[in-house]
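Student: I would like to take a close look at a single part of this protein. Could you please guide me through one sheet and the way its strands are arranged?

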Amino acid sequence: MASQSFTKNYRDHSNDQGFQFEFFCDKCGNGFRSSFKGNNLGVAASLLHAAGSIFGGVVKDAAWGADHAKDAFRGGAWDDAFKEAITECAPRFRQCTRCGQWVCPEICWNEKRVMCEDCAPDLQEEAAAMQAEVAVEQLRDKMREVDQTAGQNFTDPQAAACGRCNARLVPNAKFCSGCGAPTAAPKKAFCHQCGTETPPGGRFCSGCGTKMG
């Protein structure tokens, strides 16, 4: 078989029943699959194997012989099928004369420049992409100018989660929806003798030692 230039990016879907190949764009990976070409020897071997499993004897020997014949002709048959697949699928691709890539014309080919879009990007597509990128950057800048945390309390744990069960609290909720515990912060306590604030549950004043009532 004479040599034939085409993409090396392909997948062989051939089996005992026949031959089929799928070729892919070197840039985006889009693929085109060739028509399935039956392998008569493979089909015959499969039928003989099926019959041999039932009848055995001479039929099984025939199946063994068919397998060897199939293997003997597999190389030439595969080469012929591969050549036909290239002839069928090559027109679906374009080869860039600058980088040598085989690409699909629908997405990755710049028809005006007669090169792939890696070597000659589509200026309208690039401009649209840049406009979108700049718009996103400008949106980020505008969002930074606005206080996005207004009204949020990041210091009081009661504002975000229940102190008992850690369930998320609804804003301004008086009781936790998870466990029913009150969400209001405990009232501050002050020593009646010296006025020092005492932590919740404290039995004596930390300022003067007076027993808290």
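Tutor: Let us begin with one pair of strands in this predicted model. Strand β3, which covers residues 21–24, pairs with β4 in the antiparallel sense, and three bridges join the two. One residue pair shows this at the level of single residues: Glu 22 has Arg 33 in β4 as its bridge partner. In general, the strands of a sheet pair through backbone hydrogen bonds, and the pairing may be parallel or antiparallel.

The pair belongs to a wider arrangement. The sheet is open and has three strands in the order β1-β3-β4, with antiparallel pairing. Its edge strands are β1, residues 10–12, and β4, residues 31–33, each of which pairs on one side only. Arg 33, the partner of Glu 22, therefore lies in an edge strand, because β4 pairs on one side only. On average, neighbouring strands of this sheet are turned by 20° against each other, with direction ignored.

Two further features may be placed beside the sheet. The second largest pocket has a volume of about 170 Å³. Its lining consists of Asn 110, Lys 112, Arg 113, Ala 120, Pro 121, Asp 122, Leu 123 and Gln 124. Of these lining residues, three are nonpolar, two polar and three charged.

Finally, the structure holds zero disulfides. Cys 194 has a relative accessible area of 41% and is therefore partly exposed. Cys 208 is likewise partly exposed, with a relative accessible area of 39%.

Technical notes. Residues numbered from 1 in each chain as written. Predicted model: local features only at pLDDT ≥ 70, side-chain atom pairs only at ≥ 80, totals over all residues. Heavy atoms only, no water. 1 Å grid on protein atoms, 1.4 Å probe; cavity = no way out; pocket = protein on both sides within 12 Å on 5 of 7 lines; lining within 4 Å. Points joined across faces, edges and corners; volume = space filled by probe spheres on them. Nonpolar A, V, L, I, M, F, W, Y, C, P; charged D, E, K, R; others polar. Disulfide = S-S within 2.5 Å. Buried < 20%, exposed > 50% of the residue type's maximum accessible area, 1.4 Å probe, protein only. Pairing = 2+ DSSP bridges. Helix = DSSP H or I, 4+ residues; strand = E, 2+ residues; numbered from the N terminus. Axes fitted to C-alpha atoms, helices over the stretch in contact; angles between N-to-C directions.
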